[in-house]
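I opened this entry to record what I looked up in the model, strand pairing to begin with and single residues later. The sequence and structure come next, and my notes follow them.

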Amino acid sequence: MLRFDRRLLQNFDWLILLFVITIATMCLMNLYSATYPNISRGTPVYIKQLYFFIMGFGLILVIISLDYRIFLNLNYILYTCIILLLLYALLLGRIQAGTQRWIDLGFFNLQPSELAKLTLVITLASYYSRKHTEEGFDLRGLIAPIGLTLLPFLLILKQPDLGTALMLGFIFVSMTLFVKLKWQTLTFLLGVCGSLIPIAWKFILKPYQRQRIETFLNPESDPLQSGYHIMQSKIAVGSGLTFGKGYLNGTQGHLDFLPERHTDFAFSIWAEEWGFVGSLFFLAVYFSMILWGLNIASSSRDKFGTLLCIGVVSLIFWQAFINLAMVMGIMPVVGMPLPLFSYGGSSLITTMAGIGIMMSVRMRRYQVPG
Amino acid sequence: MRQDTQKLRTVNEEELTALKKRIDLAIGVIILFLAILIARLWNLQILKGPEFATLSENNSVRIRDISAPRGNILDRHGRLIITNRPYFNVVWFKEDAPVPDEVIQKLSPILKEDISTLLTRIREAAGQPRYIPILLKEDIPWSALIYIENHRLDLPGVRVEVVPSRNYKYSNLASHLVGYLGQISKKELQSSQYQQYKGGDQVGKMGVEKRFEETLRGEKGRRYLEVDVHGFEQQQLKHIDPLPGNDIQLTIDVDLQKTAEESMAGKAGTVIAMEVNSGRLLAIASTPELKIDKFIGGIPIDIWQEHLDDPLHPLINKTIQGVYPPGSTYKIVTALAGLSEKVITPKTIFYCSGSYSLHGRRYGCWKSGGHGAIDLKRALAESCDVYFYITGQKLGIDTLAKYAKSMGLGEKTGIPLDHEKSGLVPTSDWKKRQKKESWQEGETLSAAIGQGFNLTTPLQICCLTAATVNGGILYQPQFIESITDPEGSILQQFTPVKTGEVLGSHAYLDIIKKGLIEVVNDKHGTGIKAKLDNIVIGGKTGTAQVVRLSKFKNVPDDEIPYRYRDHAWFTSFAPADNPEIAVTVLVEHGGHGGSVAGPIAKQVLEKYFELKNKQPEQ
């Protein structure tokens, strides 16, 4: 299986690599600006992010040299590891900003919940590609995938990290909708979800999470906290106008008004400094990459490859959409990075690994399985 | 693995096609979402863009620092020496007003500052980010404050900031020790030590204020403000309180320090009072004082020039930066070396005819009539030069230097203050290295009585005196009793630091101590003017020659030009039977140690015992 095949190199996916490198360049430029003038001690964040990118590209090299089909068997081992990591983070993890999300690895703080997203993609793809039904999945067939999603979902919700937990839900829904479902099953599930929302509101959401959603619906109620962030973010994006204020000249960004301006709100700096034109360019590159991912999905020779790609695409797409919508003020503030663009090692490494898996699928599209 | 791949192979092609059909649907969904984002961007940046641009320009958020109250400096009994009071500073925000000229013209008479001075301050801050205010004038009077507050509309961008500044409870007391604050310089701003500082910040420039900057400074607070087009505050969004700095309690006693400084009035020099068994400094005065109370809010150029021009050199902390020949105080070293190396015994008698001849050259005793037959005790008491010429000659310069170094000379005492000098203990090697000449025996004679190349700081002599009477232990002189955080819990507490031990046995030190008691108590003693009424003290006088000029021989002291007059030393300890304090006095160009420095030490010791009797021992 690991035998070198010349066609692998011929089928190397240069296009997606080009997209990733373009986004990485924009990301590093933007991080430099977001933390400019850099007065903190230690390594600047854009340098740290560069290291993460280099690590990510290394990881891609490793992944594409493997046949993605090994994940078909590895998935449960990966899944068990992630659950243990999540438990470990919950019990012993470093308490940061009131949440137990991080495991200190010395050189960086690992966020196992980020890795959980990709692991769930692999696990569900593996499950759905093994099962085969003529008339679609019924409820009984969905018990296992629901359980597999619910376990990390609850562990992450407990941290508490609402954004990441929701992401697992989105991944599950997106991937499940791709496989064939019975109509009754679909309607039943929708009904359950609908009735869960008020229960979740009352019992699952933390007060600050409820408050975020409330302030989103009524930003004037809390000008200091989340509403303030949304407002300032909107001012940053809006004041960029057509061509932006110019690189390093964004006033909103440099006035410290956003505590997360190099992580979740990174795009507001970009939009402020590069304007509508720059933002369009960013969206064009970014969504080309996403759509290209779907193209890879449909070019796959097997169901597992297709489902893997769909999972990775939904992972990137939903995070990107929610993040951008939040930055532009059309969604409430939830902790959600913009993959490949926000600062953060765990998210970057996970996304790069996902892209590596898609590249691996792409390269092996002409291979006869086995 | 094989089974799995087998399964994959049997995957229904139809199912794969169905899956791929859904992908087309997904592409549609994604493009729809993308369209939503683009529409929103269009809405924000193009349709409402100008509105947001105005908001961003005019309604932006400012972050204003709130200065942290600096830690207090207290004396050993908890009396405040330095605390804070609010200062009203005028600052200017570059962001708010693009053209400063007319504003500056209006401000100049109000602030009583030249336009050029104000412009210079703005120019110096040119490299700073726009949102950092430029300091125009510190500590404005009430009248100016009221005027500016009433004319805010005419003075866009100009603001008055309230900043806690230093308040000196005892004006310039212990000025060289406590130091002063000043505006951070551009050079300091660029150094890594001051990374969290901004232009206009006050930092310690000397003494405790500088050395303990990190301890004292606290942490700045922040205010998040929304401001309008004119730079006026609309509302405060968020507020982070500053964290006050830690307090420093000194070992200094304010009363004793005052006495020390007053007793030196009009003279240049230093007075040091130190506990002999711990190294705690009770008083450390260098005169003339620095006028630190006039340094608040920036040192005025004329005041600075006064300091520079003063012939008594107030800018030099003479306690640790002044280096002087130790003069006869050095005879303690020569005596110890002589006894330890057995070139003399307490009973050894030399004959002083008023001079000593070596290689045809005459080395005079200060008493030209001579001391006659004299033993060690009397030689110390009457400071006979000939006795120590002979002892020194027998020892040789390098042996002498070994003992001098063991008593802490030639090396920094380690007091936590900047710019301490180490002085000089000459050796034959040193002379070969530095002067490219070999050592002359005659130079050993000069060295043995503390002249020649010898250089010491007064603090070294004080430590030497303490070590002579405390059993030979050198302590690091310290002035920090404790450091406490704003809640009052103690972060650091004084502990004595031993830096060395004197060579030679305690018995020899005791012999010397007896001689030093005679200095003050014998009727022929050179230090008799330091004698206290009810407490027996010991000490050693010293008269350090600045130049040896024959034309001033036999000229009365006050007719010699000031800068050629001798330095007067007196170093002492008390009480004689169980010493607890050492007092060292140096008067620059003061003349004779016994008559000039001795009475000053007496005053300080008297005050010490007066204070001690007032307060029961803790």
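I began with strands β22 (residues 567-574) and β23 (residues 581-587) of chain B in this predicted model, and found that they run antiparallel and are joined by 7 bridges. Within the pairing I noted that B:Ser572 stands opposite B:Val583, a residue of β23(B).

I then followed the sheet outwards and listed 5 strands of chain B in the order β12-β11-β23-β22-β21, which form an open sheet with antiparallel pairing. I marked β12 (281-287) and β21 (538-544) of chain B as the edge strands, because each has a single partner strand and one side of each is therefore left without a neighbour in the sheet. For the turn between neighbouring strands of this sheet I wrote down 5 degrees on average, with direction ignored.

Next I asked which strands α11(B) lies across. I found that α11(B) lies across β11 (269-275) and β12 of chain B, and that the helix runs at about 30 degrees to β12(B).

From there I turned to B:Thr251, which I placed in the loop between β10 (247-250) and α11 (254-263) of chain B. Is B:Thr251 buried or exposed? I entered B:Thr251 as buried, because its relative accessibility is 0% and the cut-off for buried is under 20%. Its side chain reaches the backbone oxygen of B:Leu281 at 2.6 Å. Leaving aside neighbours within four places in sequence, I listed contacts of B:Thr251 that include B:Arg76, B:Arg280, B:Leu281 and B:Leu282, and also B:Gln478, B:Phe479, B:Ile480, B:Glu481 and B:Phe494.

I also searched the whole structure for aromatic pairs and obtained 34 over all chains. One that I examined is A:Tyr247 with A:Trp274, whose ring centres are 5.9 Å apart and whose planes stand at 35 degrees, so I recorded the pair as tilted. A:Tyr247 lies in the loop between α10 (226-238) and α11 (251-254) of chain A, while A:Trp274 belongs to helix α12 (residues 266-299) of chain A, so the pair ties together parts that are 27 residues apart in sequence. I noted A:Tyr247 as partly exposed at 27% relative accessibility, and for A:Trp274 I likewise wrote 27%, partly exposed.

Last, I checked an annotation: an unreviewed UniProt entry gives "transmembrane region" for residues 23-42 of chain B. In the model I found 100% helix and 0% strand over residues 23-42 of chain B, with the end C-alpha atoms 28 Å apart.

Definitions and conventions: Residues numbered from 1 in each chain as written. Chains lettered and ligands numbered in written order. Predicted model: local features only at pLDDT ≥ 70, side-chain atom pairs only at ≥ 80, totals over all residues. Heavy atoms only, no water. Helix = DSSP H or I, 4+ residues; strand = E, 2+ residues; numbered from the N terminus. Buried < 20%, exposed > 50% of the residue type's maximum accessible area, 1.4 Å probe, protein only. Polar contact = N/O pair within 3.5 Å; in protein donor to acceptor, adjacent residues only side chain to side chain. Contact = heavy atoms within 4.5 Å. Phe/Tyr/Trp six-rings, centres within 6.5 Å; stacked < 30°, edge-to-face > 60°. UniProt positions renumbered as here; feature names shortened; annotations may be inferred. Pairing = 2+ DSSP bridges. Axes fitted to C-alpha atoms, helices over the stretch in contact; angles between N-to-C directions.
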